[in-house]
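Work through the following exercises with the structure open beside you, and try each task before reading its solution.

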Amino acid sequence: MAFKAGQTQSDDMQAYVQERPEGTLAVREAQAFLNPVEEIDRTAVPLEKKPAIRLGLYVSLPKLRNLESILVEEQAFGRLFLFFPLFLAFGAAFWFARDYPPSRYLTFSTALVFSLAAFALCERRLLHVLATLAAAFSLGAVLADMETARKDTIMLDSPVTAQVTGRIIDLEPARGGRLRYTLEILSIRDPVLRRPPRQVRLTGLSPKEKVLPGDIISGPARLSPPSGPVLPGGYNFAFGPYFEGIGAVGFFYGYPVGLKDAEQSSEARLGASILQAQAKLSLAITERLRSVLSGDVLAFATAIIVNDRRAMSDSALDALRLSGLAHIIAISGLHMALAAGMFFWLLRSGLALFPGFSQRFPVKKIAAAAAIVAASIYLFISGAPISAVRAYIMLTVMLLAVVAGRQALNLRNLAIAALFIIVVTPSSVMTPGFQMSFAATAALIAGYGAWRRKEEPKEISAGRGALSGFASGGLKLFGGLALTSVIGGGATALVAASTFNTLPAYGVLANVLAMPVFSFVAMPAALLSLAAAPFGLEWPFLHALGFGLELTLTIANWVSELGGGLTIGYVSKWLLVLGCAALFSACLFRSRAAAISCLAVYLGAAALGIFGIGGSGAPDLIVYEDGTLAAVVGDSSLALSNTKASGFVTDQWSRALGLETLEKPSDIAELAGWSTHTDSLPEDLPNGSFHCLAEKWCVVRLSGGITVIQIEDIKQVGFACDHADLVISPWRHSFRQCRSGAYLLDRNVLRRNGSIAIRIDNREQNHADGPQRAKILFETALGQQAREWNSHRLYDWRSGRFDPPAKYVLSDNGE
């Protein structure tokens, strides 16, 4: 009975009262819900009749009584069902976050035991709820295990240049007029790989002859395995591609060549025809937009309609990002809700103009069913990006509730949508898109429900004029938008800070000003232009669309000039877990359990901040996983070792550490008293910045007198080992440690461990031989992980076998 859904509070309580013996405390509390005027006299209940549950030890009777009453209240509101998909998501996230995959036998057997226990304990309310939640947690782990085994993606083990031939699965515009191809590999040669990936994602120029999804192209390409985290605790960029089936990323050299006469199977031809139809429709819509719009306004329009952002200028993208409006150029829940909601409102209002029809037929249900069709068409036009698919599922569930005669906007429908997504793709729970979309939606629904419950009907003044009513409506509109921005931004702030390490400084202001224009001018005009395009009547709506988008960009530019994003820095994963627990507790509970759980979670978060659990402060040195880039972490800047450093990596480092200034390396020849003909290092080498000898090596001295040398020329490894305490090399070497005792981070070590954060422990270690030098501590991005999306790092293409997971793994002492 704990997980019945769809009953009203009164019906649920009546059923519970009829099932239980008269006079028990739980029944008296249930009767109090049915008749709130009566109070429960808890002291009148004999001690021996107070419920107690024996779990090897007796639970305190007053605490158990309170817990029982909380469960009764939560069940009366139908809230216990909402926790099933939540614990399902927690179970999947726990399975994915493990360093080693849990035993499949243990995972499946645990899920089976708890499921049977939940079924057997139906009559024991508390035990039934606990067993059900434990079963949901275990089933989440089972679903994650099954999806990982089902994908079984072959990841490329090492970078390679080869001739690639493949069928275009997806074609997405990229920056600079280039295209991003997702290819189903047909062949890789020159060289032939032992473990070729099945799918790759390559960026390149458009072929001289026009190609569409389903066509076959070929060309020389540089293939690389997806990168790991750029910092310990960061996002693993190989996780997403593994579950998308992408085994390598890279780029084409020059123009790929189209091979349109290649044979295809019937299934491939069917898939190609669908993809080509979508691509042709998107191109036709883009041409109609180009006939009226231009510049960033045209790029903005193509982004929100056909998911094409390649023409947007860097200045426009920066303005939208810094103002907190970047979410409106990604087709997701907002666009899907606006498109389907506008279609629903227009159709329902139009049908209401015919009283005979609207009185005989359920126009609301008809409009909801038609809105599902409209959303499906919009999903097809946009190319079905992952964020839009997730929003489409949520929206479809809510519209189906309207068709079934139920309330559309409630937490139960959100839970059903989450349940469907988690069962189909459990890996999505680890993505920021899933976390932010469901967190924001749950917070908005819960906030709207709380506001509706507390709102009291007010008498309408007879003397209130039209101007007063208009002003009141405007204030309510902007107040609602402000409140929506605050609730949605607050619900997603922790996830955004953990993922992107920044928050927009004036995001609420930008959304309050821009969203009315975008929601009530731009999106309706876009929808009407699509509807009028088949009749050639789209031009007035396109002008309205251009006006709305231009005004939105003006607001974004103005707000971005007020100030940029707030750099948050590194956020502990434990803090993210606690924050999500507090958020969902506040949203899903209706009883005093919400306040109790939030208080407990916030106390845990405070302890996390006070005692530093889960974080060990900023490192002294960071080394990227390919060995070509290192950076010294200063008080206000990052001192780089490479003038040609990857902008993506340095941007990730600076945002995660809260440092915006990048310091380039200096020429060591500028130091006084040093010559390139010497075979030693300067004695007065400054601390905290790299000094380089062109195309040979770069050196830096850290605190405690630790000297670090990064080599560019493989021949310099001997010199580096003789003069450094730590050597960084992008090459493979036959030895694992320098003869001098210096630590060696070569390609073998870095490939297995990923990016490394290094800390210097300056505390003197007293030994028999006297004080020791400062100790070097290593923190690796992958650590002991031996997961499927990292297993390609263990493969040795020379021997054709996988190395043991423990090989080349660094411990704190560097071994």
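The exercises below concern a predicted model, and they deal with charged pairs and with a surface patch.

**Exercise 1.** Find which residue pairs with aspartate 651 in a salt bridge, and decide whether each partner is buried, partly exposed or exposed.

Solution. Begin with the contact itself: the side chain of aspartate 651 meets that of arginine 655, with a distance of 3.1 Å from N to O, which is a salt bridge because the cut-off is 4 Å. Next, locate the two residues, which both belong to helix α22 (residues 647-657) and stand four residues apart, about one turn of the helix. Finally, turn to accessibility: aspartate 651 is partly exposed at 37%, whereas arginine 655, at 17%, is buried, because buried means under 20%.

**Exercise 2.** Describe the salt bridge between glutamate 287 and arginine 290, and say where the two residues lie.

Solution. The closest N and O atoms of this pair are 2.9 Å apart. Both residues are found in helix α8 (residues 266-290), where three residues, about one turn of the helix, separate them. Arginine 290 has a relative accessibility of 41%, and counts as partly exposed.

**Exercise 3.** Determine which residues make up the nonpolar surface patch that includes Ile366, and in which helix isoleucine 366 lies.

Solution. The patch consists of Leu353, Phe354, Phe357, Phe361 and Ile366, which together have about 500 Å² of accessible area. Isoleucine 366 is placed in helix α13 (residues 363-382). With a relative accessible area of 33%, isoleucine 366 is partly exposed, and it can belong to a patch because patch residues need over 30%.

Definitions and conventions
Residues numbered from 1 in each chain as written. Predicted model: local features only at pLDDT ≥ 70, side-chain atom pairs only at ≥ 80, totals over all residues. Heavy atoms only, no water. Patch = residues over 30% accessible without salt bridge, like charges linked within 9 Å, V, L, I, M, F, W, Y side chains within 5 Å. Areas by Shrake-Rupley, 256 points an atom, 1.4 Å probe, with all protein chains shown as cover. Buried < 20%, exposed > 50% of the residue type's maximum accessible area, 1.4 Å probe, protein only.
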